[in-house]
Amino acid sequence: MSNAPAEEIAAEEIDLTEANEIIDKYLTLPGNLMPVLQGIQDAYGFVPKPTIDLVAERLNVYPSQIYGVLTFYAQFHLKPRGKFIIRVCVGTACHVQGAERITETFFGRLGIGHAETTEDLRYTFEKVACLGACGMAPLAMVNDDTYGKMTVQKVDEIIETYNARPMK
Amino acid sequence: MVNLTIDGKQVAVEKDATIYDAAKACGIKIPILCHDKKLHPFGGCRMCLVEVEQMKGRLIPACTTPVTEGMIVQTTTDEIVKARKLVLELLLLKHPIDCPVCDAAGDCDLQNLTYEYKVNMNRFVDEKFNHEIDYENPLIERDMNRCIHCGKCARICDEIVSYGAYTFINRGIEAKMGTEFDGPLNCEFCGSCVSVCPVGALNSRPFKFKARWWALQKTKSVCSYCGTGCQLTLGSKDGKVLTTIYDENQGFHNGQLCTRGRFGYQFVNSDKRLTAPMIRKNGNLQEATWEEALAEVTSRLSAGKSDPASVAALATPRLTNEELYLFGKLFRGTVGTDNIDHSAGYAHEALTKGAVASFGVAASPAEIADVQKSNLLLVVKSDAYETHPVIGFEINLGVKRKGIALRIVSDKKGKLTRLPGAKTTVHAPGNEVALFNALCKSVIDQGLAAEGVAGLDALKAAVADATAEKAGVTAEEIAAIAKEFASAEKALIILPIGQGYPGHNAALANAAANLAILTGQYGKEGAGLLIMGEKNNSQGAVDMGIYPKGTGLNAAAIIDGCANGNIKTLFVAGENPVVSYPNRKKVEKALENVEFMVVSDLFLTETAAMADVVLPACSFAEKSGTFTSLGRRVQNVRKAIPAVGLAKSDFDILNALSQALGGARYNNQGEVFTEIAANVPAYKGLTQAGLKDEGAVYPVALSAKLVPAAAQASAPVAGKLTLVTGSALYHCGTMSRFGEGPMYVCPDAYAELNVADAAALKVAEGDQVTVTSGTGAVQVVAKVGKRVPQGVVFSPYHFGEGSVNTITDGSEVTYVTVAKK
């Protein structure tokens, strides 16, 4: 592959410095597409379009193929994500314990649905199949914090807690 | 060889064959949806399941399973039929049953297999997809609801075209064939994906609702755009060419076509075609009868017989060999003038003079098949892809599949530079000869010259002061290419030529040939020099001797002769000098000055509009004959439709004139071919019937010799950009402007600038700019990108509006200024 050096690609819309650094790190490694995309996602919180064009040009991969990879793996996101990722389990145990009501309450309070992000980029909400803690059903997580035995009241408490957290 | 038994038949095949290949070889048909012989096996559709006795207990996909010794295969047991029916039922679960309005009906593998396997009901029910149909480009309609996920479109776009427009996106039930960001298709529109789509998911929009597939009359012929000589099948109905049909067994290219071949056929039935002869009366062209028009031309030519030096004739290398031969015979023999030429006087010197001097033949010493047999390709100008896209596909395949090394020396970057392992050396425009001289010197200096090369001392002296710097590149780059080229087992130089490439002349052919000869890279498979003539029959025009011999004037001198009054009668068959020859103003003035000009053409071109008599000519689809490709392959062109309006083929026109002037008379073009086979040594022994579908490559006897070539020195001019002209991918000559397909995608002239230059000039993509040189100025649209290096501006030459020949004068390099309008 004729991998292009960083300076040939001008920055557009967003600051690509970090993306370029990540690509530099893996440039000569065979099979470098996945670690590069993972690195970009870590750095930007999602994979912005200009970085796809950048990766395509520098790694000499078709943009369409990168898009194929990004849409295949659930770990990648093409849109900005909230600072706080709220995940509510809707697996069997949680479902039986009323997970549906918990998700509906979150939808109502946050004004967003499944896999959506609030406009202020504070929250992203996701329904997930199982979080692996059925004994605590119904279960919610906010980033790495776990909230078991969820109730509608706890939903409000959680939102108050994270509303109070700074964005930066 | 591997021996196996298929349905009781004994078969012996190569060891890398699959069960599918083996079955095909012995005439057993295994149904297939995701397989195409040009592509890597995929094994996705499961239609080709077969039973193998040694692998009992499961069904095996025939298209991905390699044969093994003693294999016993069954292709149609009850169980297999049941499995295939299930596959079809599952496909039809989501596939819309809209065959009555689907353009693929009749040519749809899914439809045909459903019929063959009698799937008249479905045990399953599900909702159909509801994907939005992509109508956002004028050429390819994408209806992903009909897609069966065979992946052929994505694979051909990646493996052969190297564009990579498609990919599988999403996963599971939501998976579909998509593009980047699932947006509209935005590619080079070669239509390869349409050609291999087994269903109606990808359709040609220009053909939509024009005819049912089975109602088309199919005629095998040869594409009339570039010199590659791709075969195509014309689909016609009611006297109109409506589409080109994909046939994976056709030609060296297995049915692959570029955007021009696939979507450029509409010029044949264009409503701009000339349908009746015209004669200029009171300053205006007025319709006339053929008798009047031919009488007028005959009387002029007959008067010219007494002063043959005052007559000149130009022919387009788009005519058939038979027409060109007759053209030569009429003007050289009957009228007695040697002032005949095709665009050779401007562009094809590389073939007519260069190849003769270096190799002793006016043809490429290599053929197209050599591309994939080489170990190293040295491509001069990455435009080899843009001028001859299907040879570009061959290069792609060679590089990707066979690991052939690709080295490019070019004045700008192109698609080939992105191929795996490709190395591009960007040089200053117009320095190709200097670059090859530097390569030769480096070969000599590194002690890599082949032993016993005659004329080595003379070449040494000639290239003594050739340096990398003079070619605008670094010494390391030159040394590396020289070494790689000389030490490759087989190395091939690919040189595109054409009207739009000033400086791609005899000197360049000699300089490139010197490198091949010096390193012994010629006269063997996969090596030598492939000189790629621009037009479909450029090679034929050379073979038929359509260039001046002895004291005759070449095209450039003929234009001068018109200007100074020495040429009084000019016959132009299909050429369009006003737009395609350098220095438009000069050409226009010269043609205004000529006493009598007759133009035979398909269209009222810029040149025809200036003529005294205009004769409507037939397109390639309306006549039979032969074209000779740049690889010296002589191929049959077959008549697909009757002549449009009152048009006559150039053969009929020339034959009538020849007879009227007391020259030869032929009953049909076939008689001329017989005469060609008798008189042109290379064509000896050929017959039109004997050419069959695949044509014949005529041999060449090389007598190679080193011919020192002088590099033109051109110093950059401060504050000016260097203009590079050439071909745009979608166009070929000035004829493709009458094809709807190319004009949808690339309708206007443009000037391509480097981002840095554009920023300095405050020019953005799409802005109108004025490009000014010493000979004039044109207004074109700006394109901004990274393909052209800083200081260089590229503009294609095909267009009548904003025609780039207004600002070029035929010299190697033109310096221009660019300003926002």
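In this description a strand is a run of at least two residues that DSSP assigns as E, and two strands count as paired if DSSP finds at least two bridges between them. With that in mind, the reader can turn to chain B of this predicted model, where β30(B) and β31(B) form a hairpin with 2 residues between them. The two strands of this hairpin run antiparallel, and 6 bridges join β30, which covers residues 768–773, to β31(B). One pair of facing residues can be picked out here, since Thr770(B) stands opposite Gln779(B) in β31(B).

Strand β31 of chain B, residues 776–785, also pairs with strand β29 of chain B, residues 750–754, and this pairing is in the parallel sense, over 5 bridges. In this parallel pair Ala751(B) stands opposite Ala782(B) in β31(B). As a general point, the strands of a sheet pair through backbone hydrogen bonds, and they may do so either parallel or antiparallel.

Elsewhere in chain B, an open sheet is made of 3 strands in the order β10-β11-β12, with antiparallel pairing. Because β10 (217–222) and β12 (240–245) of chain B stand at the edges and each has a single partner strand, one side of each is left without a neighbour in the sheet. From one strand to the next, the twist of this sheet averages 35°. Strand β10(B) is joined by 6 bridges to β11 of chain B, residues 231–237, and the two run antiparallel, with Thr219(B) standing opposite Leu234(B) in β11(B).

Another open sheet of chain B has 3 strands in the order β25-β26-β27, and its pairing is antiparallel. Its edges are held by β25 (625–628) and β27 (696–697) of chain B, each of which has a single partner strand, so one side of each has no neighbour in the sheet. Between β25(B) and β26 of chain B, residues 633–637, there are 4 bridges in the antiparallel sense, and within this pair Gly625(B) stands opposite Val637(B) in β26(B). A helix accompanies this sheet: α8 of chain B, residues 321–335, packs on the sheet and touches β25 and β26 of chain B, while its direction makes about 90° with that of β25(B).

From the strands we can move to a single loop residue, Asn667(B), which lies between α20 (650–660) and α21 (669–679) of chain B. With a relative accessible area of 56%, Asn667(B) is exposed, because a value over 50% is counted as such. Its side chain nevertheless has partners, for a polar contact of 3.1 Å joins the side chains of Asn667(B) and Arg665(B), and the side chain of Asn667(B) makes another polar contact, of 3.0 Å, with that of Glu671(B). Asn667(B) and Gly574(B), which are 93 residues apart in sequence, are 23 Å apart in space, taken from C-alpha to C-alpha.

The cysteines come last. A disulfide is a covalent bond between the sulfur atoms of two cysteines. Over all chains of this model the count of disulfides is 0, with a cut-off of 2.5 Å between sulfur atoms. Cys190(B) is in no disulfide, and the nearest cysteine sulfur, that of Cys193(B), is 6.4 Å away. Cys190(B) is also buried, with a relative accessible area of 8%. Cys258(B) is likewise in no disulfide, the nearest cysteine sulfur being that of Cys226(B), 6.1 Å away, and Cys258(B) is buried with a relative accessible area of 8%.

How values were computed:
Residues numbered from 1 in each chain as written. Chains lettered and ligands numbered in written order. Predicted model: local features only at pLDDT ≥ 70, side-chain atom pairs only at ≥ 80, totals over all residues. Heavy atoms only, no water. Contact = heavy atoms within 4.5 Å. Axes fitted to C-alpha atoms, helices over the stretch in contact; angles between N-to-C directions. Buried < 20%, exposed > 50% of the residue type's maximum accessible area, 1.4 Å probe, protein only. Polar contact = N/O pair within 3.5 Å; in protein donor to acceptor, adjacent residues only side chain to side chain.
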